[in-house]
Amino acid sequence: MNSTRRNFIKSVTAASALIATGSAAKPFNIIRDLKKISPNDKIRFATIGMGIQGNQDTKAAMRSTPMAEFVAAADLYDGRLTHVKEAYGKDIFTTRDYRKILERKDIDAVLIVTPDHWHDHITKAALQAGKHVYCEKPMVQHIDEGASVIEAWKKSGKTMQIGSQRVSSASFREAKRLFLAGEIGQINFVESNYDRFNSLGAWNYSIPGDASLTTLDWETFLGDAPKVPFDAKRFFRWRNYKDYGTGVAGDLFVHLITGVHFVTNSLGPERIYSSGELSYWNDGRDVPDMMVSILDYPKTDLHAKFQMVLRVNFANAGAINNNTRIVGTEGQIDFTDDNLILTKKKLAKAPGYGGYDSFGTFSASEQKDFEKKYDAQYPSDTRKADPVKEIKFEAPKDDDPHAQHFRDFFENVSKGSLGTVEDPVFAFRAAAPVLACNKSYFEKKVVTWDPVAMKIKKG
């Protein structure tokens, strides 16, 4: 992390009191002051960052519950502010300066949908201003920012949700139910991928013809990132640059790992290694377009030790499934955003013999003696495995994970609760390992992580 950024961030105590188990935060003393909102009241929200995801989040929030009312938006590009009034109504308050939104007492919650390098700063400012916060993933751009965000959330007593909305899908909930029911035996391996094969999927988004220092606020966009001359590509395609984004790991691995943690109740890995390259999209970006990471998870009271392999390939011209497979000793759960297949398969108790086996190399007398002992040890009913069973699940046609994720947020705001499905502790346990995937890639070394204390281990 560069020295400019270090000076920009206040030092905070390591979160020694952070929750070590479970994803939902336990109540803190400060929540006695939480504002209760009547179900008949509106929760007035503003969106900070009206780019692609900002518009998607705003629409999902609006359709999630009648309680949610969109009243204000901030963005650094004037064209997006014009679009807000065209798309959502001329009465929506718009501004380039997000601080003007935080100053307004009539706004209850904010959606933070900015480039990653602004997440921690705006989140902490919003919480300090008394706003409930929905922040897009990853919660932070750098691992050492996590403790201060969690501490700010704890002190504020406000509801906070992170935006990996896939965990609110019906298929992910079903995967969790099956896993916790022991349907695949002891977990030992997870494979999850998020490939793409198109220019827009590789973040080469359209750039408006009027992009200039007049129509957008370049200096504020840079924030604490290195000062560089105006470049419209960096503003509108910021995910391609590690100064502002977090690459394929922070943008896509985080979805995959969040889903696995949701299903398994895992606290995170202890050993992380990445390999990859920039192989196809040589357009000036400084993050890889292909990455594979291996994460080793320790045994806990809730699951056996297992290994997870994550992959993103932005030039996959082959079959793209974008699925997650959780494999165990008695089967596997293979699932996507909207469907799931559970395959149950058990080994027979008897090991078998013959075929490609050393049995055929024994002498005739030794084979006869072996068969006699085998028959005595393994009755016929132990020699056949149970038939393979396959159970399919499809999410309801009206399943809307994005809206459901927001509904969870707004319902917890209404109740004065901190217990969202993806609170900052849960979110950081997913964000930190994927940021460690980047650290491993760029530094070409294994990263060791303490999933309980949520710290990188030294040495």
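Two strands are taken to pair if DSSP finds at least two bridges between them. The exercises below apply this to a predicted model.

**Exercise 1. The six-stranded sheet**

Determine the strand order of the open sheet of 6 strands, identify its edges, and describe which helices pack on it.

Step 1. The order in this open sheet is β3-β2-β1-β4-β5-β6, and the pairing is parallel.

Step 2. Each of β3 (93–95) and β6 (160–163) has a single partner strand, so these two stand at the edges, with one side of each left without a neighbour in the sheet. Neighbouring strands of this sheet are turned against each other by 20° on average, direction ignored.

Step 3. At the β3 edge, strand β2 (residues 68–74) runs parallel to β3 and is joined to β3 by 3 bridges, and Ala-73 is found opposite Thr-94 in β3.

Step 4. Helix α2 (residues 52–64) packs on the sheet, where it touches β1 (43–48), β2, β4 (109–112) and β5 (132–136), and the direction of α2 makes about 170° with that of β1. Helix α5 (residues 119–128) also packs on the sheet, touching β1, β4, β5 and β6, with a direction at about 170° to that of β5.

Step 5. An unreviewed UniProt entry annotates residues 43–163 as "domain: Gfo/Idh/MocA-like oxidoreductase N-terminal". That span is 42% helix and 24% strand, and its end C-alpha atoms lie 18 Å apart.

**Exercise 2. The ten-stranded sheet**

Give the order of the open sheet of 10 strands, and locate helices α10 and α13 against its strands.

Step 1. The order is β14-β13-β12-β11-β7-β10-β9-β8-β15-β16, with mixed pairing, and the edge strands, which pair on one side only, are β14 (389–394) and β16 (455–456).

Step 2. Within this order, strand β8 (residues 271–277) and strand β15 (residues 447–450) pair in the antiparallel sense over 2 bridges, and Ile-272 stands opposite Val-447 in β15.

Step 3. Helix α10 lies across β7 (187–193), β9 (290–297), β10 (306–313), β11 (324–328) and β12 (331–335), and runs at about 145° to β10, whereas α13 lies across β8, β9, β15 and β16 and runs at about 55° to β8.

**Exercise 3. Two helix crossings of α10**

Describe how α10 crosses α13 and α7, giving angle, distance, handedness and the residues in contact.

Step 1. The axes of α10 and helix α13 (residues 424–443) come within 9 Å and cross at roughly 135°. Angles over 145 degrees would count as roughly antiparallel and those from 65 to 115 as roughly perpendicular, so α10 is oblique to α13. The crossing is right-handed.

Step 2. On the α10 side the contact includes Phe-253, Val-254 and Ile-257, and on the α13 side it includes Phe-426, Val-434 and Cys-437. By class, this contact has 11 nonpolar, 4 polar and 1 charged residues.

Step 3. The axes of helix α7 (residues 170–180) and α10 (residues 247–264) come within 8 Å and cross at roughly 45°, which makes α7 oblique to α10. This crossing, too, is right-handed.

Step 4. Helix α7 contributes Phe-172, Arg-173, Ala-175, Lys-176, Phe-179 and Leu-180, while α10 contributes Gly-259, Phe-262, Val-263 and Thr-264. The classes here are 6 nonpolar, 2 polar and 2 charged residues. Phe-262 of α10 takes part in the contact with α7 and also in that with α13.

Key: Residues numbered from 1 in each chain as written. Predicted model: local features only at pLDDT ≥ 70, side-chain atom pairs only at ≥ 80, totals over all residues. Heavy atoms only, no water. Axes fitted to C-alpha atoms, helices over the stretch in contact; angles between N-to-C directions. Helix = DSSP H or I, 4+ residues; strand = E, 2+ residues; numbered from the N terminus. Parallel < 35°, antiparallel > 145°, perpendicular 65-115°, else oblique. Left-handed = near helix turned anticlockwise from the far one by under 90°. Contact = heavy atoms within 4.5 Å. Nonpolar A, V, L, I, M, F, W, Y, C, P; charged D, E, K, R; others polar. UniProt positions renumbered as here; feature names shortened; annotations may be inferred.
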